[in-house]
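This report introduces a protein chain to a reader who has not seen it before. The sequence and the structure are shown first.

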Amino acid sequence: MSMIRIGRRLYTRYKEVSPVAKLTAKQEKFVQGLVSGLSQRNAYKQAYQNSENWKESSIDSNASQLFNDTKVLQRYKELLKQFSNKALWSRESAFNEYEWLKNKARENIEEEGVRKANSDAFLSSIEGMNKMAFHDLELADQKLKAEIERIKADTEKTKLLLGEEEEADLDDGFLAALEGKAADVWEDE
């Protein structure tokens, strides 16, 4: 806080406080370790070298306490946001490069005809674009298939435990619906 005079009046001038408070070097190193993919324990060990001989539970406790510190948590969120923005840009940039390659290959095919080089470039760019566009959908599809398999396994366990005579009461067509056969199963009811 300082005083400033304008004309005859004396005003109090308050120091502007930054929304992101400064961290110590060790705190910053801890946050950098977390953002780079280290666990809290390993990031703490890296930042605080003297903790190497501590019990794991002590390190975990201190790391958790440090992570929940307001300044540290704020810095962590800030860095995550920066890196996620960079990752989004990189993905968009890569997609644009594939699109550029596809367009150049198409132009070359139209001008000079189909050759191995330009057709390979064209097909590779389309394949790359499709992988980028549909990769997340494939992961979701794989997760759904795994969930269906888990449900089937649980159902089989239940059948074995309860016996075959009670099986009819348990099966209401849910598994068939998951496999896309719901219309056939529920049409009878």
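The text below moves from the whole chain to its core and then to single residues.

**Overall architecture and confidence**

The model is predicted. It contains eight helices and two strands, and along the sequence the two strands come before the helices, in the pattern β-β-α-α-α-α-α-α-α-α. Of the 189 residues of the chain, 19% count as buried. The chain exposes about 14,700 Å², of which carbon and sulfur atoms supply 54%. Among contacts between residues at least 6 apart in sequence, 39% join residues at least 24 apart.

The average pLDDT of the chain is 78, and 69% of the residues score at least 70. Over residues 14–19, pLDDT stays under 50, and the model has two contacts beyond four places in sequence for this stretch. Where pLDDT is low, the predicted coordinates should not be read in detail.

**The nonpolar core and helix 2**

In soluble globular proteins, nonpolar side chains tend to be buried together. In this chain, the largest nonpolar core has 15 residues, and those with the most contacts inside it are Phe30, Val31, Leu34, Tyr44, Tyr48, Leu66 and Val72. Helix 1, helix 2, helix 3 and helix 4 (70–112) each supply at least two residues of this core.

Helix 2 spans residues 40–47, and its buried residues are Ala43, Tyr44, Lys45 and Ala47. Against which helices do the buried residues of helix 2 pack? Their partners are helix 1 (25–35) and helix 3 (56–67). Tyr48, one of the core residues with the most contacts, touches Lys26, Gln27 and Leu66 when its neighbours within four places in sequence are left aside.

**Three polar residues**

Gln27, Asp69 and Ser119 each have a side chain that reaches a backbone atom, as the table sets out.

| Side chain of | Backbone atom reached | Distance |
|---|---|---|
| Gln27 | nitrogen of Thr24 | 2.9 Å |
| Asp69 | nitrogen of Lys71 | 3.1 Å |
| Ser119 | oxygen of Arg115 | 2.8 Å |

Gln27 belongs to helix 1. Because its relative accessibility is 11%, Gln27 counts as buried. Apart from neighbours within four places in sequence, Gln27 is in contact with Tyr48, Leu66 and Val72, and these three residues are among those with the most contacts inside the largest nonpolar core.

Asp69 is located in the loop between helix 3 and helix 4. Is Asp69 buried or partly exposed? Its relative accessibility is 28%, and therefore Asp69 counts as partly exposed. Asp69 and Gln27 are 42 residues apart along the chain, and their C-alpha atoms are separated by 9.9 Å.

Ser119 lies in helix 5, which covers residues 116–162. The limit for a buried residue is under 20% relative accessible area; Ser119 has 18% and is therefore buried. Not counting residues up to four places away in sequence, Ser119 touches Ile109 and Val114.

**Summary**

In brief, the predicted chain combines two strands with eight helices, and its largest nonpolar core draws at least two residues from each of helix 1, helix 2, helix 3 and helix 4. Of the polar residues described, Gln27 is buried, Asp69 is partly exposed and Ser119 is buried.

Key
Residues numbered from 1 in each chain as written. Predicted model: local features only at pLDDT ≥ 70, side-chain atom pairs only at ≥ 80, totals over all residues. Heavy atoms only, no water. Buried < 20%, exposed > 50% of the residue type's maximum accessible area, 1.4 Å probe, protein only. Helix = DSSP H or I, 4+ residues; strand = E, 2+ residues; numbered from the N terminus. Contact = heavy atoms within 4.5 Å. Polar contact = N/O pair within 3.5 Å; in protein donor to acceptor, adjacent residues only side chain to side chain. Areas by Shrake-Rupley, 256 points an atom, 1.4 Å probe, with all protein chains shown as cover. Core = buried A, V, L, I, M, F, W, Y, C linked by side-chain atoms within 4.5 Å. pLDDT = per-residue confidence, 0-100.
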